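Me: I'm new to this structure and would like a close look at a single part of it. Could you walk me through that part in a connected way?

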Amino acid sequence: MKVIVLGGAGGMAIGGISYLIRYDEVEEIMMADLNKEAADQAASQFNSPKIRTMSLNVLDKSRLIEVVKDYDVVLNCVGPFMKFGVPILEAVIEAGVNYVDICDDHDAAEELIKLDEKAQQAGVSALICMGTTPGISNLQAVDLYNKLDETHSIKIAWAITDPPKEDLVGTPLEAIIDNPDALMTEATMDHLYHVTTGDIPVFKDGEMTGVPAIEYGEWIDFAEPLGRAESYYIGHAEPTTLAHYLDIKDFCGCLGSIMPEVFKDIREKSRGHREALYPPKPSHEPLWQAPERWRNRGVWGGQAVIVEGMKDNQKIRYTSRIMMAVKDMNAYNNSGQAIGTYLMGTGQITRKGVSAPEACIDPEPFFKELAQNYSLDANEVFTVEEINIIDKEVLS
């Protein structure tokens, strides 16, 4: 299998490559970037004969088509996707090559789905929104969806806080101990401003509608020190794709949480005021108790998927949590695009056209691969159940 990674010098590309390179089936990885010097520097950290680099302007359509024809899979990590997503996928479809991307913009996802028929006609399988959130979160959602007879609502929630400083010593993240703002890159901030401005999409009462971004809040529980996260509805790709591919009766939306003061700064710039109009009400419920494995691990990020519906005439709520400590950061952030590309390149994704993960990936083998990545990075064995922690509540 030969893979070309567009935007190959970027952080998400490098992270994905770090897992792709482990697969025996992957014979070659081309890191294609507008800045070849940056790609060369990034490639040097792998010191692998599988890695090659090249300069490529993805907006040169004829050149892009010519280049990608030599590969089995294109992994597109070039953002922002509201600018680059559609023209790149159009070129890849014209080239007749299978495709994976990490699109996280709600509006871009909507436009990418519109290329479904064109991709089907070309015999191309295009997997969009295959990162962490969206990506892994979509597979958490469909895994819970499959447990129910009827699904009423799906909520996606991700959260991040400052990593525990004592856990950073001696790691590549040690440099941020005195400068935690370095976690928020320029690209990250551009994305956050985009998904917190104006009205953002949620699926409600059987149709997509808009709500003011970053104004409506809920509490979402994780292991300490992340703990109870003050989360707000933002624009993300999950509601767009989940409502498109799954039969959801009532509601689907995405919440995000980044250190309360950071979100206040973002709200001030995006909305013109620091305090949310509809913050979550004070909660007197006891904090969710994480499994022993995660209680003293230093969890500072994670995502939860909350699905409610009916099973055997009972109203059920499932909650799936995947969390991240410092030693799990790479597996959490970079597994989605790597596993998705591997599944695509090995023929385990057979649906033609444009698909989000929930439409074309079996969650079971995916989560086995994810647990293996956690295990390898942490040098300790994790089972699927210890990575994807699922709680069930009977509501009626």
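Reply: Happy to help; here is a walk along one strand, with a short visit to a pair of helices afterwards. Please keep in mind that this is a predicted model.

Let's begin with strand β7, which covers residues 150–160. Of its 11 residues, 8 are buried, so the rest of the structure largely encloses this strand. What does β7 pair with? One partner is strand β13, residues 301–311, which pairs with β7 in the antiparallel sense over 10 bridges. Within β13, Gly-301 stands opposite Ile-160. Another partner is strand β12, residues 248–258; here the pairing with β7 is parallel and runs over 9 bridges. To find a spot on that side, look for Ala-157, whose bridge partner in β12 is Leu-255. As you follow the strand, a general point may help: side chains in a regular strand alternate between the two faces of the sheet.

Now for the helices. Helix α3 (residues 61–68) and helix α4 (residues 81–95) have axes that come within 9 Å and cross at roughly 50°. An angle between 35 and 65 degrees counts as oblique, and α3 and α4 are therefore oblique to each other. The crossing of α3 past α4 is right-handed. On the α3 side, the residues that meet α4 are Lys-61, Leu-64, Ile-65 and Val-68. Their counterparts in α4 are Ile-88, Ala-91, Glu-94 and Ala-95. Sorted by class, this contact has 6 nonpolar residues, 2 charged ones and no polar ones.

Note on methods:
Residues are numbered from 1 along each chain as its sequence is written. This is a predicted model: local features need pLDDT of at least 70, side-chain atom pairs count only at pLDDT 80 or more; totals for chains, interfaces and linings use all residues. Side-chain values use heavy atoms; hydrogens and water are left out. Axes are lines fitted to C-alpha atoms, for helices over the stretch in contact, and angles run from 0 to 180 degrees between N-to-C directions. Helices (H or I, at least four residues) and strands (E, at least two) are DSSP runs, numbered from the N terminus. Angles under 35 degrees count as roughly parallel, over 145 as roughly antiparallel, 65 to 115 as roughly perpendicular and the rest as oblique. A crossing is left-handed if the near helix is turned anticlockwise from the far one by less than a right angle, and right-handed if clockwise. Contact means heavy atoms within 4.5 Å. Ala, Val, Leu, Ile, Met, Phe, Trp, Tyr, Cys and Pro count as nonpolar, Asp, Glu, Lys and Arg as charged, and the others, Gly among them, as polar. Buried means under 20% relative accessible area, exposed over 50%, partly exposed in between (1.4 Å probe, protein chains only). Two strands pair if DSSP finds at least two bridges between them.
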